[in-house]
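Colleague: I would like to learn how to read the features of a model like this one. Could we go through them in turn?

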Amino acid sequence: MASRKEGTGSAATSSSSTTGAAGKGKGKAGSGDSAVKQVQIDGLVVLKIIKHYQEEGQGTEVVQGVLLGLVVEDRLEITNCFPFPQHTEDDADFDEVQYQMEMMRSLRHVNIDHLHVGWYQSTYYGSFVTRALLDSQFSYQHAIEESVVLIYDPIKTAQGSLSLKAYRLTPKLMEVCKEKDFSPEALKKGNITFEHMFEEVPIVIKNSHLINVLMWELEKKSAVADKHELLSLASSHLGKTLQLLMDRVDEMSQDIVKYNTYMRNTSKQQQQKHQYQQRRQQENMQRQSRGEPPLPEEDLSKLFKPHQPPARMDSLLIAGQINTYCQNIKEFTAQNLGKLFMAQALQEYNS
Amino acid sequence: MATPAVPPSTPPATPTETPAAASDPAPAPSPASVSAPAPAPVPAPTPAPASSSDPAAAAATTAAPGQTPASAPAPAQAPAQSLPGPALPGPFPGGRVVRLHPVILASIVDSYERRNEGAARVIGTLLGTVDKHSVEVTNCFSVPHNESEDEVAVDMEFAKNMYELHKKVSPNELILGWYATGHDITEHSVLIHEYYSREAPNPIHLTVDTSLQNGRMSIKAYVSTLMGVPGRTMGVMFTPLTVKYAYYDTERIGVDLIMKTCFSPNRVIGLSSDLQQVGGASARIQDALSTVLQYAEDVLSGKVSADNTVGRFLMSLVNQVPKIVPEDFETMLNSNINDLLMVTYLANLTQSQIALNEKLVNL
């Protein structure tokens, strides 16, 4: 029993010391403005994310979970993760915060890093740039400076290669979100374009020696993979991605139409204001020439209510999403072109 | 620990309680203090009665007839080779095959690396599903425990709590058994196995040899069977099971990628770009083809005797290459290339469009 108490005692002291360091991780020494330059993931985390999606995430539902780890200089090390249950409507009494706290408390008992460093989410064909993701990532990044969101694309992975990307919000976007001011002026001031919303952080995978030993064991014992999806020439997923892209472009064009109407309305309003002012002046001059008191200046803003500018954040998000789709498509076509040329070379060799 | 405990939100909106959760670091230290006393009393009641009485009978055989009623009838007759049979109720049908997912083994190795000072091994619970022919283990979590010369204490309360939490995510998983690192089955294993047989009928015991005896990490699975002379005190014997590895497709791909760290000097790899992946996959096929060619040459030169099944596979392999008229192939190739080029062009066009739109709006 003594050793157990020691174990929990040290856990308690380590947690209090991290409370003192504002939860920034045991290894972190620097100030808060150093962005994360690299994300280092344990092999275990990758396997867990894959398994979580495979078992619980069929269909268009996204699966989510929490990443645990620590920060070492400018590197974010992710050493473990746990999944979050799906949100079901009939589960009203399910307390997420409590689930999270319990999970982290229990993991602390078995010496697993219990520091929150981010979250992961699966995505459907690469469509993850949504308002919800932005809000979640903002609240994470606001609370924990170095947090990232890992986007796992299961369909692309099934095509042959692991698709895992880590994103953070750029500092500019963080500032805008902090103000909670998404009006066009603020966005223009911040000089935010859709390319500068998310920054991708490079990922490396690191394993300990013992896990390497395990991998050798597995390789000896398990059968060679009999599916080489990566080399298949079919491009069915391309069609789906293009369809999603078209939907987004439609939304974007609607957005543009709205913006154009707004611009037109504003300029018409300006003209009307101008005309009104001119008429007023003329009347006043006439009255002066007739010796009557001039009409009072009326508050123009009450007569001509300014139009609301359309929200710019949504169009930024749509633009960002279109950008992601286009990049995915380009990657995919590059791969396929390579494969086609290989097939051509083989055919020429045969004939 | 000022973790803000922010739950990620999904489109069916859930409130992100950032201010409420972040503003009270008070609950964070208190779990640390609350949990310290909590595990301490719990191991005392459950293991104390069992362990105080059993170490007295300190030999490897302990009496456990009441605990494993399920396994009592059938295995008592023929533990080594009994077929499933209707006499064996419970989730383990005696199909003798355990299918493991790699995530379990990685998890076990990871918890072994994080064990407490002085602990020689770690144990934990195995979760998974059962079907008619085999048992599939898909998840696991480690359970804190204390082991000394003559007694062992397992925090079963913790195990129950963790199982409840896990069930919220995957409601289909059942407790299948438990695992331990180390290469031997000790007396304490028998006790722990007994605890687990209260949770699950006929639990499986998995050992992962992290001490690398014989230079290998051997992974073995056992189920317990009774043995001994009927009518006297029954002993417990662990009979081995076949272990197979099951992979989902995506898991296979993930494992292949992770395996690459074995070859890099500081055990670090980056995710490769698209064309590199194609290159890697074709290199693998090239290796496989050269192995096959080597085998064919050996057979032809008489070094290796021919095997009919392999020959049949080879023939089906060669016949799978489709025979296409060159002109048809040319047209197919060209149309595919044109499609891809067009898509690339459209994607680039779209990107420049939105960039332009951005510039215009910001005027």
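Modeller: Helices and strands here are DSSP runs, with at least four residues for a helix and at least two for a strand, numbered from the N terminus. The model is predicted.

Colleague: With that in hand, which helices and strands supply at least two residues each to the lining of the largest cavity?

Modeller: From chain A they are α2, β3 (75-83) and α3 (96-109). From chain B they are α5 (102-113), β3 (135-143) and α6 (156-169). Both chains thus appear in the lining of the largest cavity.

Colleague: How many cavities of 30 Å³ or more does the structure hold, and what is the volume of the largest?

Modeller: A cavity is a set of points where a 1.4 Å probe fits but cannot get out. The structure holds ten of 30 Å³ or more, and the largest has a volume of about 300 Å³. Its lining counts 26 residues, and the closest to the centre are A:K48, A:C81, B:N139, B:C140 and B:H166.

Colleague: How do the residues of that lining divide into nonpolar, polar and charged?

Modeller: There are 13 nonpolar, eight polar and five charged residues in the lining of the largest cavity.

Colleague: Which element gives the largest share of the lining?

Modeller: That is α2(A), with five residues.

Colleague: Then let us stay with α2(A). Why does the distance between its end C-alpha atoms agree with what a helix of 14 residues should span?

Modeller: The expected span is 1.5 Å times one less than the number of residues. Helix α2 of chain A covers residues 43-56, so its 14 residues should span 20 Å, and its end C-alpha atoms are 20 Å apart.

Colleague: Is α2(A) mostly covered or mostly uncovered?

Modeller: A residue is buried when its relative accessible area is under 20%. By that cut-off eleven of the 14 residues of α2(A) are buried, and the helix is mostly covered. The buried residues are A:G43, A:L44, A:V45, A:V46, A:L47, A:K48, A:I49, A:I50, A:K51, A:H52 and A:Y53. A:K48 is also among the residues closest to the centre of the largest cavity.

Colleague: What is B:S107 in contact with, leaving aside its neighbours within four places in sequence?

Modeller: Its contacts are A:L44 and B:C140. B:S107 lies in helix α5 of chain B, and at 12% relative accessibility it counts as buried. As for its partners, A:L44 is one of the buried residues of α2(A), and B:C140 is among the residues closest to the centre of the largest cavity.

Colleague: Why can α7 of chain B be called largely enclosed by the rest of the structure?

Modeller: The count of buried residues settles it. Helix α7 of chain B (residues 187-199) has 13 residues and ten of them are buried, so the rest of the structure largely encloses it. Among the buried ones are B:H188, B:E194, B:Y195 and B:Y196.

Colleague: Take B:Y196. Where is it found, and which residues is it in contact with beyond its neighbours within four places in sequence?

Modeller: B:Y196 is found in helix α7 of chain B and is buried, with a relative accessible area of 1%. Its contacts, those neighbours left aside, are B:G124, B:T125, B:V143, B:G177, B:W178 and B:P203. The C-alpha atoms of B:Y196 and B:M156 are separated by 9.1 Å, and the two residues are 40 apart along the chain.

Colleague: Turning to the backbone, which value of phi does A:E73 have, and where is the residue found?

Modeller: A:E73 has a positive phi of about 50° although it is not a glycine. The residue is found in the loop between β2 (64-72) and β3 of chain A, and it counts as exposed at 60% relative accessibility.

Colleague: What is phi of A:N111?

Modeller: Phi of A:N111 is near 65°, again a positive value in a residue other than glycine. A:N111 sits in the loop between α3 and β4 (116-122) of chain A and is partly exposed, with a relative accessible area of 30%.

Colleague: Last, the chains as wholes. How many helices and strands do chain A and chain B have?

Modeller: Chain A has eleven helices and eight strands, while chain B has eleven helices and ten strands. Buried residues make up 49% of the 351 residues in chain A; for the 363 residues of chain B the figure is 46%.

How values were computed
Residues are numbered from 1 along each chain as its sequence is written. Chains are lettered from A and ligands numbered from 1 in the order in which they are written. This is a predicted model: local features need pLDDT of at least 70, side-chain atom pairs count only at pLDDT 80 or more; totals for chains, interfaces and linings use all residues. Side-chain values use heavy atoms; hydrogens and water are left out. Buried means under 20% relative accessible area, exposed over 50%, partly exposed in between (1.4 Å probe, protein chains only). On a 1 Å grid over the protein atoms alone, a cavity is a set of points where a 1.4 Å probe fits but cannot get out, and a pocket is an open set with protein on both sides within 12 Å along at least five of seven lines; lining residues have an atom within 4 Å of a point. Grid points are joined across faces, edges and corners, and a volume is the space filled by probe spheres set on the points. Ala, Val, Leu, Ile, Met, Phe, Trp, Tyr, Cys and Pro count as nonpolar, Asp, Glu, Lys and Arg as charged, and the others, Gly among them, as polar. Contact means heavy atoms within 4.5 Å.
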